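User: I have a model to go through with you. Please keep the answers short and give cut-offs as you go.

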Amino acid sequence: MIKLLEHTRRPDVSFSRNGTIRVTARVARVLSLCPGDALNIAITNGEFLLHAVHISNSFSRHEAQCYPSKRGSGNYCANSVRLCRALLDAVGVNSNKVSFMVGQAVDRGGIIYVPIITLHPL
């Protein structure tokens with residue numbers, strides 16, 4: 001049997017070695033992302049958790065700061081070479097770009113974390 005469509009679901013988050021991070025509208029809604037917020041990854045018990053750092057002063061520049069990818073779209077982009085390369089190296093991916101699905105959101109201490117499913121990169 002041959003599968004014509006390998007993956008039928010669009011990936012939730014993508015990381016590139018050049019530092020580009022792309023987040024879908026669904027993940028942006030879960031994390032309550034606004035333009036100027038920053039993305040970060042926490043590692044706990046070998047699990048990678050994506051979370052938003054909500055910055056009150058939007059006039060300053062932070063690493064991995066989010067911005068809408070297109071007007072009217074709920075998708076967001078961010079740039080951080082250090083964050084992308086650290087994740088790709090920790091997961092053991094050698095390609096220049098990798099996409100992941102995310103799991104169910106978890107609230108820990110008032111911060112919403114979204115687990116990145118790193119076992120099956122796309």
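User: Is proline 68 buried, partly exposed or exposed?
Analyst: This is a predicted model, in which local features need pLDDT of at least 70, side-chain atom pairs count only at pLDDT 80 or more, and totals for chains, interfaces and linings use all residues. Residues are numbered from 1 along each chain as its sequence is written, and side-chain values use heavy atoms, with hydrogens and water left out. Buried means under 20% relative accessible area, exposed over 50%, and partly exposed in between (1.4 Å probe, protein chains only). Proline 68 has a relative accessible area of 37%, so the class is partly exposed.

User: In which strand does proline 68 lie?
Analyst: Helices (H or I, at least four residues) and strands (E, at least two) are DSSP runs, numbered from the N terminus. Proline 68 falls within residues 67-68, which form strand β5.

User: Leaving aside neighbours within four places in sequence, which residues is proline 68 in contact with?
Analyst: Contact means heavy atoms within 4.5 Å. With neighbours within four places in sequence set aside, the partners of proline 68 are Pro35, Asn75 and Tyr76.

User: What separates the C-alpha atoms of proline 68 and leucine 33?
Analyst: Along the chain, the two residues are 35 residues apart. In space, the C-alpha atoms of proline 68 and leucine 33 are separated by 9.6 Å.

User: Which residues touch the most other members of the largest nonpolar core?
Analyst: A nonpolar core is a set of buried Ala, Val, Leu, Ile, Met, Phe, Trp, Tyr and Cys residues joined through side-chain atoms within 4.5 Å. The largest one has 27 residues, and those touching the most other members are Phe15, Ile21, Leu33 and Leu39. Its largest share, four residues, comes from helix α2 (residues 81-91). Again, the names asked for are Phe15, Ile21, Leu33 and Leu39.

User: Which residues is isoleucine 21 in contact with, leaving aside neighbours within four places in sequence?
Analyst: Isoleucine 21 belongs to the largest nonpolar core. Outside that sequence window, isoleucine 21 is in contact with Val13, Ser14, Phe15, Leu39, Tyr76, Cys77, Ala78, Leu83 and Cys84.

User: Which parts does the salt bridge of aspartate 12 and arginine 26 tie together?
Analyst: A salt bridge is a side-chain nitrogen of Lys or Arg within 4 Å of a carboxyl oxygen of Asp or Glu. Aspartate 12 and arginine 26 meet at 3.0 Å, N to O. The pair is 14 residues apart in sequence, so it ties together the segment before β1 and helix α1 (residues 25-31).

User: Is aspartate 12 buried or exposed?
Analyst: Its salt-bridge partner, arginine 26, is partly exposed at 35%. Aspartate 12 has a relative accessible area of 4%, so it is buried.

User: How far apart in sequence are the parts tied by aspartate 89 and arginine 17?
Analyst: The closest N and O atoms of this salt bridge are 3.2 Å apart. Aspartate 89 lies in helix α2 and arginine 17 in the loop between β1 and β2, so the separation in sequence is 72 residues.

User: Is arginine 17 buried or exposed?
Analyst: Aspartate 89 is exposed, with a relative accessible area of 52%. Arginine 17 has 17%, so it is buried.

User: How many salt bridges does the rule give?
Analyst: One is formed by aspartate 12 and arginine 26, and another by aspartate 89 and arginine 17. The count is two.

User: How many helices and strands does the protein have?
Analyst: The order from the N terminus is β-β-α-β-β-β-β-α-β-β-β. That protein has two helices and nine strands.
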